[in-house]
Amino acid sequence: MGSRTRPYRALLGARMRAQSSYRASFGLDLVSSLLIGLVELAEVWVLYRAVDEIGGLDLTAALVVFGLADTAFSIADLLVGHVDRLPDYLRAGTFDVFCLRPQPLLAQLITSDISLRRLTRVGVGFAVLIVGLIANDVTLTPSSVLLVLLSLLTGTAICTGIFVAAAGAQFFLIDAAEMTNSVVYGGRYAANQPGSVWSRPLIAVFGFGVPMAFTGYLPTLTLLDLPVPWNLPDWAGWLAPLAAIWMWGLAGLSWRTGTRHYQGGGG
Amino acid sequence: MRTRVWFRIHWRMFVAGWRRGSRYRAAALGGLVANATFGFLKASILVAAVRAGGGEIGGYDAASITAYTWLSQALLGSVNLSGRSDLAVRIKDGSIAVDLLRPVDLQTASTAQEVGRALFALLPRGVPLVALGVLVGGMRLPLEPVTVALSAVSIVAGTTLSFLTVYLVAVAGFWSVETRGIQTAYMILSGFLAGLFVPVTLFPGWLLAVARATPFPCMLQTPIDVLSGRVTGFSAGQAVIVQLAWIAGVLLVGRLITHAGRRRLEVQGG
């Protein structure tokens with residue numbers, strides 16, 4: 001096992017050292033990623049500040065949703081966000097280099113980089129989560145702790161699945177790469193929303209198809225004992241692992257279809 | 001005579017940019033799908049917020065907040081809120097030396113081209129999104145000739161202002177080769193302060209004052225307000241005049257920086 005993962009670990013180690021060796025630049029990247037996180041938080045704050053509650057969530061509950069969903073998405077972004085660059089590799093023909101190596105394509109692509117600068121953004125999400133939990137007087141019972149941890153873990157799995165599913169679609173889209181932004185970054189945006197305000201098509205897409213509601217919204221409702229919409233039971237938050245399995249199924253299907261479709265860069 | 005030549009050159013640059021924009025069809029389609037998704041998501045939460053606020057928040061009712069949502073997505077393909085420009089790349093790789101040899105003004109000629117390219121995006125991205133807003137969201141559009149004319153001026157002014165401001169980001173490269181930090185700062189702040197995520201009128205007083213002290217609300221919020229009919233008549237005219245004042249100010253700052261920067265620029269290699 002150790003010898004099989006060694007090349008990947010060597011690659012990741014090299015990327016991490018490379019990123020942190022230009023200290024000023026790395027520091028600036030960390031600060032800008034922190035600022036992006038804070039501005040996203042400010043959007044939530046400005047909106048919920050103006051009214052008492054939106055779609056059954058008040059500001060403090062919205063902070064828990066943001067904390068869970070954005071931490072999960074940011075970790076996924078840190079780990080696999082660079083698969084977004086696949087269209088560039090496809091266009092430049094450099095993807096063929098990956099195909100020549102005797103290792104699985106997806107594993108190579110995922111370990112080809114890691115975005116340490118996103119650490120600060122994970123930090124923003126996590127801090128908001130803690131503040132939200134305290135503001136809601138969530139008691140530290142085994143079940144509440146387990147639900148939060150499970151939600152972060154499965155949320156991260158769901159978000160990495162979305163990145164991979166989007167990457168698989170890039171083999172077909174290439175120039176229309178931005179189209180997958182609607183599920184990836186649209187999904188990130190959707191994950192911070194109270195799903196109860198959505199119309200049926202949006203519920204179908206972001207509630208179940210790309211199950212963003214399971215990364216923050218539904219676990220929060222279960223955690224805070226709030227009414228759950230869409231005819232789901234009160235314990236819907238515990239169903240997040242099912243959503244993660246579903247998303248990884250989609251991701252696998254998309255990636256396999258994509259790589260089988262790929263004919264090479266003509267190099 | 002000289003003004004005629006000036007206009008002809010800049011018109012040609014504008015048309016060149018427009019035609020360049022028209023080449024990227026698949027990219028425009030991709031952008032349209034992404035904008036539409038965000039439009040649906042934003043419309044649902046903002047309308048819910050208006051209902052929760054008793055039918056009105058920050059001067060918006062359900063109809064005008066819907067219009068705001070779809071118009072902001074429709075203009076997003078044209079207004080530059082990313083801070084990126086071809087010019088920044090050209091300064092970094094040294095091709096700027098060729099640009100500076102040309103007998104045209106760097107600031108106005110490059111901006112004319114970028115604005116041409118950006119305004120083309122109104123056809124494949126802006127129009128379908130507005131149509132979607134009208135059909136699905138029940139959004140209204142102004143029909144009075146005065147409002148239509150003012151809206152057109154306001155959209156062009158907002159787009160031009162955004163590219164003139166991005167020009168300032170690019171020419172910072174005369175001093176420091178790498179301008180990514182400034183560009184990222186622009187990207188982070190511009191969307192929020194321009195009113196892309198929530199209308200700036202929802203901001204608390206102090207944040208609204210901060211936003212108004214920057215050119216960003218004039219890039220997006222003002223064209224949306226004029227186009228949606230949230231500000232009308234005299235105040236609409238006033239809003240457009242504020243836009244034009246910002247354009248004049250940013251234009252002047254850009255001239256001064258370009259003038260000083262030309263003396264600083266060092267192109268490496270041969």
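1. A quick definition before the helix packing: axes here are lines fitted to C-alpha atoms, for helices over the stretch in contact, and angles run from 0 to 180 degrees between N-to-C directions. Keep in mind that this is a predicted model.

2. With that in hand, look inside chain A. Helix α8 (residues 142-173) and helix α11 (residues 217-224) of chain A pack with their axes 10 Å apart, at an angle of about 175°. Angles over 145 degrees count as roughly antiparallel, so α8(A) is roughly antiparallel to α11(A).

3. Who touches whom in that pair? From α8(A) come S144(A), L147(A), V148(A) and S151(A), and they meet P219(A), T222(A) and L223(A) of α11(A). Sorted by class, this contact has four nonpolar and three polar residues, and no charged ones.

4. Now the two chains together. On the chain B side, 33 residues are in contact with 34 residues of chain A. The two chains bury about 2,700 Å² between them, and 79% of that is on carbon and sulfur atoms. If you want residues to click on in chain B, try L41(B), I45(B) and I188(B): these lose the most area to chain A, together 23% of what that side buries.

5. How many salt bridges are there between chain B and chain A? The count is one. R180(B) forms a salt bridge with D29(A), with the closest N and O atoms 3.5 Å apart. As for polar contacts across the interface, the rule finds two residue pairs, both at pLDDT 80 or more.

6. Which helices of chain B face chain A? α2 (25-52), α9 (180-194) and α10 (205-212) of chain B each supply at least two residues of the side that touches chain A. α2(B) gives the most, with 18 residues. By class, the chain B side divides into 23 nonpolar, seven polar and three charged residues.

7. One helix pair across the interface is worth a look. Helix α2 (residues 23-50) of chain A packs with α9(B) at an angle of about 0°, their axes 10 Å apart. Angles under 35 degrees count as roughly parallel, and α2(A) and α9(B) are therefore roughly parallel to each other.

8. The residues in that contact include D29(A), L35(A), I36(A) and V46(A) of α2(A), and on the α9(B) side R180(B), G181(B), T184(B), I188(B) and F192(B). So both salt-bridge partners, R180(B) and D29(A), sit in this helix contact. The contact of α2(A) with α9(B) divides into eight nonpolar, four polar and three charged residues.

Note on methods:
Residues numbered from 1 in each chain as written. Chains lettered and ligands numbered in written order. Predicted model: local features only at pLDDT ≥ 70, side-chain atom pairs only at ≥ 80, totals over all residues. Heavy atoms only, no water. Contact = heavy atoms within 4.5 Å. Buried area = accessible area lost by both parts, 1.4 Å probe. Salt bridge = Lys/Arg side-chain N within 4 Å of Asp/Glu carboxyl O. Polar contact = N/O pair within 3.5 Å; in protein donor to acceptor, adjacent residues only side chain to side chain. Helix = DSSP H or I, 4+ residues; strand = E, 2+ residues; numbered from the N terminus. Nonpolar A, V, L, I, M, F, W, Y, C, P; charged D, E, K, R; others polar. Parallel < 35°, antiparallel > 145°, perpendicular 65-115°, else oblique.
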